[in-house]
Amino acid sequence: MLNIILFGPPGSGKGTQASKLKEEFNLIHISTGDLLRGEISKETPLGLEAKSLMDKGLLVPDEVIIGMISSQIDAHEDANGIICDGFPRTTAQAEALDKLLEIKSTKVAGLVELVVGDEELTSRLLERGKTSGRSDDQDIATIQRRIQVYKNDTAPVADHYRTKGKYIAVEGEGTIDEIFDRLSKVFQSLDEEV
Ligand code: B4P
């Protein structure tokens, strides 16, 4: 299986690029953000808990996310591979993902980070906030908190995979098509290695 973590700060283009890459490489796209927003729109207890945290720009607890990822991996046993979008976001989630994949006799092929500056992130998210209806995209203080949470809690996930020789950085500024071309080359070479 070709399992790739598409990594980067909020607004770096993970969701945008994962939607294109899954078609090109015939992969399953699992986005924890989309799964959580699905729970919110159904007004489940999990969704209500998640909403209060997401609206503040904070992370949802690891146990909730690990449970969601586990059932998604089980539901896609026959897939060619998975694009992990929005997770792991903490080292605990990374360790849990590694174990879940090991049980399926597979592993993470690489962590690919989209590198984008803070100013560009903020302007993309504020722009999306005009039309997305997402409250976490509408307030500059919440956006800045999300970027800070990324630096404090999520950036160490890159080190977890760097020590395993699985970290790849990709320039995440430019047009969506330019970035897609860069990512496609990386996905192609990871595909040749597995
Ligand atoms: P996510 O849904 O993962 O949200 P995100 O990081 O904001 O999205 P993404 O980075 O994919 O957006 P994209 O760049 O595609 O998380 C939301 C919240 O859910 C988190 O804050 C947290 O509370 C919670 N959560 C999710 N997963 C969790 C986990 N594992 N653990 C704990 N909590 C979790 O798009 C951004 C915008 O930029 C779009 O409008 C897009 O059109 C635009 N854009 C993209 N590429 C562009 C380009 N090249 N040029 C210009 N604009 C571009």
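Here is a short chat about how some labels on this predicted model come about.

Me: Why is Arg146 called buried?
Reply: Buried means under 20% relative accessible area. Arg146 has 11% relative accessibility, so Arg146 counts as buried. You'll find Arg146 in helix α7, residues 140-162.

Me: What makes the link from the side chain of Arg146 to Asp136 a polar contact?
Reply: The cut-off is 3.5 Å between N or O atoms. The side chain of Arg146 gets to the backbone oxygen of Asp136 at 2.7 Å, so the pair is within that limit. In sequence, Arg146 and Asp136 are ten residues apart, and their C-alpha atoms are 8.7 Å apart in space.

Me: Which other residues does Arg146 touch, leaving aside neighbours within four places in sequence?
Reply: Besides Asp136, the contacts of Arg146 include Pro10, Gly57, Leu125, Arg128, Arg134 and Asp137.

Me: How do you know whether Thr90 is buried or exposed?
Reply: Same approach: the limit for buried is under 20%. Thr90 has a relative accessible area of 13%, so buried is the right word. Thr90 sits in the loop between β3 and α5 (91-103).

Me: And what joins the side chains of Thr90 and Asp62?
Reply: A polar contact of 2.9 Å; the cut-off is within 3.5 Å, so the label fits. Not counting residues up to four places away in sequence, Thr90 also touches Leu59, Asp153 and Val157.

Me: Why is Glu39 said to have no salt bridge?
Reply: A salt bridge needs a side-chain nitrogen of Lys or Arg within 4 Å of a carboxyl oxygen of Asp or Glu. For Glu39, the nearest side chain of opposite charge is Lys42, 4.3 Å away, so there is no salt bridge. Glu39 is buried all the same, and lies in helix α2 (residues 32-41).

Me: What does the side chain of Glu39 make a polar contact with?
Reply: The side chain of Thr44, at 2.7 Å. Thr44 is also among the residues Glu39 touches, along with Leu46 and Gly47, when residues up to four places away in sequence are not counted.

Me: Let's turn to the strands. Why is β4 called largely enclosed?
Reply: Seven of the eight residues of β4 (residues 108-115) are buried, so the rest of the structure largely encloses this strand.

Me: How do you know which strands β4 pairs with?
Reply: Pairing takes at least two bridges. Strand β1 (residues 3-7) and β4 share five bridges, and five bridges also join β4 to β5 (residues 167-171), so both count as pairs. Both pairings are parallel. On the β1 side, Ile4 stands opposite Gly110. On the β5 side, Leu114 faces Val170, and Val115 has Glu171 as its bridge partner.

Me: What makes β2 and β5 edge strands?
Reply: The five strands form an open, parallel sheet in the order β2-β3-β1-β4-β5. β2 (28-31) and β5 each have a single partner strand, so one side of each has no neighbour in the sheet. From one strand to the next, the twist averages 25°.

Me: Which helices lie across β4?
Reply: Helix α1 (residues 14-25) is one of them: α1 lies across β1, β2, β3 and β4, at about 170° to β3. Helix α8 (residues 176-193) is another, lying across β1, β3, β4 and β5, at about 165° to β4.

Key
Residues are numbered from 1 along each chain as its sequence is written. This is a predicted model: local features need pLDDT of at least 70, side-chain atom pairs count only at pLDDT 80 or more; totals for chains, interfaces and linings use all residues. Side-chain values use heavy atoms; hydrogens and water are left out. Helices (H or I, at least four residues) and strands (E, at least two) are DSSP runs, numbered from the N terminus. Buried means under 20% relative accessible area, exposed over 50%, partly exposed in between (1.4 Å probe, protein chains only). Lys and Arg count as positive and Asp and Glu as negative; His and the chain ends are not counted. A polar contact is a pair of N or O atoms within 3.5 Å; within protein, one must be able to donate a hydrogen and the other to accept it, and residues adjacent in sequence count only if both atoms are side-chain atoms. Contact means heavy atoms within 4.5 Å. Axes are lines fitted to C-alpha atoms, for helices over the stretch in contact, and angles run from 0 to 180 degrees between N-to-C directions.
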